[in-house]
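Please look through the sequence and the structure shown here before reading the briefing. The points that follow are grouped by topic.

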Amino acid sequence: MAIVAQSSKFSIYGRPVLAWGVGLMFFFPIFWMVLTSFKTDADAVKPENLIFFTPTLENYLNMTENYDYWRFARNSVISAVSATIFTLFVSVPAAYAMAFNPTRATKDVLMWMLSTKMLPAAAVLYPMIFLAKGIGLYDTHILVITVLSLINLPIAVWMLFTYFKEIPKDIIEAGKMDGVNTWGEIKEILVPLAWGGIASTALLVFIFCWNEAYWTVRLTTIDAATLSKLIEGNRAPEGLFFGRLSAVSTAAVGPIVVLGWFCQKQLVQGLTFGAVK
Amino acid sequence: MGRIVLDQVSKRFGDVEVIPPLDLTIEDGEFAVFVGPSGCGKSTLLRMIAGLEDLTSGNIEIDGENVTEVPPSKRGLAMVFQSYALYPHMTVRKNIGFPLRMEKMEQAEIDKRVETAAQSLNLVDYLDRKPGQLSGGQRQRVAIGRAIVRDPSAFLFDEPLSNLDAALRVGMRLEISEMHERMRTTMIYVTHDQVEAMTMANKIVVLQAGRIEQVGSPLDLYHKPQNVFVAGFIGSPKMNIFSGPEAEKHGAHTIGIRPEHTDVSMTEGTWEGRVGVAEHLGSDTFIHVHDTGLADMVTVRITGDISVKHGDKIFLTPRADQIHRFDAQGQRIA
Ligand SMILES: Nc1ncnc2c1ncn2[C@@H]1O[C@H](COP(=O)(O)OP(=O)(O)O)[C@@H](O)[C@H]1O
Ligand SMILES: [Mg+2]
C-alpha cells in the first residue's frame, strides 16, 4: 500500500465507505433479528412498528420457561465441543502424516476427502436415519458428535495440512535426530509451531458444528437436540411467530457471534489459510 | 565410538536409481567428506546413514550393530542441517538442551552441559534469545551446539556452511576442524566445494551420479586421481585435461597436468600459445593460455607475480613426473 504515494481519493474515502457498506449489509439481518426479538409477535408484523415499538422481554422469558432453552443450549455445547475435540484428535495426526510423510496416494486421498463434501447430504439422509435407528443411536449425543466430526474432518484435515506444509521438513527431521518419537514430534514441535493454525481450525470447526442444522435437526428429537432443532421447532405450521422465532435465533447464534467477535484475528488467519503471516 | 559401514547400500526414488549399490567404511574418529557436484546423491547417502531415508537395499552398521531398521532417534547420531533447522519457538538454551531433555536427563545436568557448549561456541550472551533474533553464523553455532551436547557417536553435516558468507565460511571451517581435533569423534561432512573437502577431510569420498569415484586422503586424490572425473574435480584451478596426439605421445588416451605443474617461459618450451587473461592474485598468477592446439584453454599457475599482457606469445613446459595418464575409459594408467 505504501506504493501508492499520493493516496487517491478512493483509498481515503471510497474504501472505508465500501467496507462499511458491505459490513452493514452483512450485519443488517442480524441486527434486524435482534431488534425483532424484542417485539411481540403482533408488533413484529405491523409496518408502523418497524422501528418504533415498545420493547419486551416476553419472547425470551417465554423461551426459557416453555421451550427449555437451556437444555438445547447444553446439548449444543456438548456436541460442538466434543465434535471439535474429536475432529482435531483425528485430523492433526492425519494432516501431519500427509504433510511430512507423503506417499504417492496422498494427493488423491486429500482430493477424495474433499469430494465427500460434494456429495449431496440428502442422498445419504435416509440410509443414515435407518442406520442410526437400527443400531439404536438415533437421538443420542454419540450419533450427533460422530456425524458432526465426520462432516468437518475433510475441512479440518485440509486446513491443517496447509498449515503444516509451511513448517520446514528439516525442523521435523532435526527432531527425529534429536531423539524424538512420532508422538513427541507432534507434541514438542508440530503443535507449538502450528499453534495459530490449529487454533483457527478448532475455532472454525466449532462454529460449523454449532451452526450445523441439516443433520442435527433430522437425527434428533429431544435427548440430543441442539439449538438448531429449537429454531426449527419454532417454525409453527399455523404461521410464523416472528418475535418468538427471532428471540430463539438470537439466543442460538448469540454465543457464536460473541466468540467470533473475540477471535476475529484468528478467524481471518484461518480463512486465508495462512496467507497472512 | 563411531565406525560406520555401508554394505551394498542403494537408493531408488520411484524408477530413478539415485545411488547404485555401494560399499564404504568410515573408521571411528575419522573426518570423512562426501564431495561431488550438486545432485550426485551426497545428501541422500548422508540421510540414509542418519535414518531419515529408507534404504532400497543393503545394510548399514554402526559400531558393529546393524541399524538398517533402527529409526533416526535411536541411532545415536547428531546432524547439522544446511538450513540449521533450529526450533523457532524455543530459546537458544532450549534448542541446545532439547536432545538432552528428550533423553530425560536431569535438568541440572542439562543446564551444565548447555552452559559448557555455549561457552565453547561463544553463545553465552545469546542463550535467552530465539533463533529469529540471531545472525546466520550464530544460528549455525546453535545448530552445532545442539549436536555436540549429547556426545553422539558420529556427527553428520549436510553442507552446513553454504548459507554463510565467504569470510564466515572460512572461520567456521576452521572451527569445525578444530572441534574434530579436540573431540576425535567420527564426522561425515557433505559439501560440493572441493576446497572444503581438501582442507577438512582425513578421507574424501568423491561421488558422481551416486557412484563412488574414489576414496582417499586429500593428498592421494591430488597426486593420484584414479580417473578423469576426480582429476578434474579436485584441485583449483582445475587440472588441464586433453586427448589427442599429445596424449598419445605419452602412451595414453588422455593426459592431465595441473596448472601449478607447468613451467612458463617467454622464449622456449614444449608447447607454444598466446596469453588470454592473466589473473593476478599477488601471491600467485593464473594465466589462461589459448592457441596451444591442445585444448581451448590451458591454465597455468605461477608463484609470485609475472608481467604478461593479453596476446603475448608464451611457452609452457609440463613437468614430466607430474603428468597424469588415463586410458580410453578414463581410468588412471599406473
Ligand atoms: N525425495 C526425493 N524424491 C525424488 N528424487 C529425489 C528425492 N530426493 C532427492 N532426489 C533426487 O536424487 C538425486 C540426488 O539428490 P541429493 O542427494 O539431494 O543430491 P546432492 O545432495 O548431492 O546435491 C537428485 O537427482 C534429486 O533430484
Ligand atoms: Mg544436498
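**Ligand 1 and its surroundings**

Ligand 1 is surrounded by F13(B), V18(B), S38(B), G39(B), C40(B), G41(B), K42(B), S43(B) and T44(B), where a residue is near a molecule if one of its heavy atoms lies within 4 Å of it. This is a predicted model, in which local features need pLDDT of at least 70 and side-chain atom pairs count only at pLDDT 80 or more, while totals for chains, interfaces and linings use all residues; side-chain values use heavy atoms, with hydrogens and water left out. Residues are numbered from 1 along each chain as its sequence is written, and chains are lettered from A and ligands numbered from 1 in the order in which they are written.

**The shell in detail**

- Helix α1 (residues 42-50) of chain B gives the largest share of the shell around ligand 1, three residues; helices (H or I, at least four residues) and strands (E, at least two) are DSSP runs, numbered from the N terminus.
- Sorted by class, the shell around ligand 1 holds three nonpolar, five polar and one charged residues. Ala, Val, Leu, Ile, Met, Phe, Trp, Tyr, Cys and Pro count as nonpolar, Asp, Glu, Lys and Arg as charged, and the others, Gly among them, as polar.
- An N or O atom in the side chain of S43(B) is 2.6 Å from an oxygen atom of ligand 1.
- The backbone also takes part: a backbone N or O atom of G39(B) lies 2.6 Å from an oxygen atom of ligand 1, and a polar backbone atom of C40(B) is 3.2 Å from an oxygen atom of ligand 1.
- Of the 560 Å² of accessible area that ligand 1 has on its own, the protein covers 54% (areas from the Shrake-Rupley method with a 1.4 Å probe).

**A hairpin in chain B**

- Strands β1 (residues 4-13) and β2 (residues 16-26) of chain B pair in the antiparallel sense over seven bridges; two strands pair if DSSP finds at least two bridges between them.
- V9(B) stands opposite L22(B) in β2(B).
- Two residues lie between the strands of this hairpin, and G14(B) takes a positive phi near 65° there.

**Domains of chain B**

- Chain B is assigned domain 1 (4-230) and domain 2 (238-326), with bounds from an automatic or database domain assignment.
- The centres of domain 1 and domain 2 of chain B, taken over C-alpha atoms, are separated by 38 Å.
- Seven residues of domain 1 of chain B are in contact with eight residues of domain 2 of chain B (heavy atoms within 4.5 Å).

**Backbone exceptions in chain B**

- Most residues other than glycine have a negative phi, and most peptide bonds are trans.
- E159(B) has a positive phi near 45° and is found in the loop between β7 (154-158) and α5 (166-183) of chain B.
- S236(B) and P237(B) are joined by a cis peptide bond with omega about -5°. P237(B) lies in the loop between α8 (228-233) and β11 (240-243) of chain B.

**Chain A**

- Chain A has 14 helices and zero strands.
- Its C-alpha atoms fill a box of roughly 70 × 70 × 30 Å along the principal axes.

Conventions: A polar contact is a pair of N or O atoms within 3.5 Å; within protein, one must be able to donate a hydrogen and the other to accept it, and residues adjacent in sequence count only if both atoms are side-chain atoms.
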